[in-house]
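Here is a quick tour for anyone meeting this structure for the first time. Have a look around before reading on.

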Amino acid sequence: MSGDQNDTAPQEPAPGTADSGTDDGDASGTTGPAATVEATAVEADIAEPASPATLLAPDLPKGKEDPSADLTDEQAAVYARLREWRNAEAKRQEISRFIIASNATLAEIARRIPYTEADLRAVKGMGPERLRKYGDKILEVVRG
């Protein structure tokens with residue numbers, strides 16, 4: 001009976017099905033990944049409530065200084081407006097905000113307060129393509 005299915009090794013139960021021949025010791029009958037999901041859901045129910053929204057500092061790699069650390073109050077206000085515009089524009093275009101401009105570039109713009117395209121061109125990080133795409137809007141944001 002070489003082709004008979006009775007000669008093959010016993011098959012394991014399908015994933016997610018209970019094997020009535022074993023007792024896993026779990027009163028709920030849930031084991032494996034499903035038990036982990038249930039435990040995680042229970043833990044989430046008792047987690048601390050989220051704190052109210054706070055103003056977040058820019059994301060900085062370790063060892064990098066905050067590019068806006070030395071800005072005056074006026075420059076910091078311009079920087080905040082530039083970041084707000086940049087983040088909204090990135091969301092609108094569905095691209096990374098750093099494709100539009102880095103925090104360091106925005107801080108330098110805020111530091112210099114450019115009023116012309118030539119002034120903006122002098123800012124590190126403002127290449128010809130970025131100027132073409134965003135220059136007018138950046139100058140508008142800077143002017144407030």
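Is E89 buried or exposed? With a relative accessibility of 14%, E89 falls under the 20% cut-off, so E89 counts as buried. Keep that residue in mind, as we'll come back to it.

## The chain as a whole

First things first: this is a predicted model. The chain has six helices and zero strands, so reading from the N terminus the elements simply go α-α-α-α-α-α.

Of the 144 residues in the chain, 24% are buried. The accessible surface adds up to about 10,900 Å², and carbon and sulfur atoms own 53% of that. Now take the contacts in the chain with a separation of 6 or more: 53% of them are between residues 24 or more positions apart.

## Two helices side by side

A pair of packed helices can be described by the angle between their axes and by the distance between those axes. Here, helix α2 covers residues 73-93 and helix α6 covers residues 128-143; they pack at an angle of about 145 degrees, and their axes are 9 Å apart. The crossing of α2 and α6 is right-handed.

Who does the touching? On the α2 side, the contact is made by V78, R81, L82, W85, E89 and Q93. On the α6 side, the residues are Y134, K137, I138, V141, V142 and R143. Sorted by class, this contact has seven nonpolar residues, four charged ones and one polar one.

## Back to E89

E89 is one of the α2 residues that meet α6, and E89 also has a partner in α2 itself. The residue forms a salt bridge with R92, with the closest N and O atoms 2.6 Å apart. E89 and R92 are about one helical turn from each other because they sit three residues apart in helix α2.

The two partners are quite a contrast in exposure: E89 is buried at 14% relative accessibility, whereas R92 is exposed, with a relative accessible area of 59%.

## More charged pairs

Side chains of opposite charge can pair when their charged atoms come close. The count of salt bridges here comes to seven. One of them joins R121 and E117, whose closest N and O atoms are 3.3 Å apart. Both residues lie in helix α5 (residues 117-121), four residues apart, or about one turn of the helix. R121 is partly exposed at 48% relative accessible area, and E117 is partly exposed too, at 40%.

Another salt bridge pairs D70 with R111, and there the closest N and O atoms are 2.8 Å apart. This one links distant parts of the chain: D70 is in the loop between α1 (33-45) and α2, R111 is in helix α4 (residues 103-112), and 41 residues separate them. D70 counts as exposed, at 55% relative accessibility, while R111 is partly exposed, with a relative accessible area of 28%. The pair also belongs to a network of salt bridges that links D70, E108, R111 and R112.

## A neighbor of that pair

Which residues does Q75 touch, not counting those up to four places away in sequence? They are D70, A110, R111 and I113, so both partners of the D70 and R111 salt bridge turn up among the residues Q75 touches. Q75 itself is found in helix α2 and counts as buried, at 14% relative accessibility.

Note on methods
Residues numbered from 1 in each chain as written. Predicted model: local features only at pLDDT ≥ 70, side-chain atom pairs only at ≥ 80, totals over all residues. Heavy atoms only, no water. Axes fitted to C-alpha atoms, helices over the stretch in contact; angles between N-to-C directions. Helix = DSSP H or I, 4+ residues; strand = E, 2+ residues; numbered from the N terminus. Left-handed = near helix turned anticlockwise from the far one by under 90°. Contact = heavy atoms within 4.5 Å. Nonpolar A, V, L, I, M, F, W, Y, C, P; charged D, E, K, R; others polar. Buried < 20%, exposed > 50% of the residue type's maximum accessible area, 1.4 Å probe, protein only. Areas by Shrake-Rupley, 256 points an atom, 1.4 Å probe, with all protein chains shown as cover. Salt bridge = Lys/Arg side-chain N within 4 Å of Asp/Glu carboxyl O.
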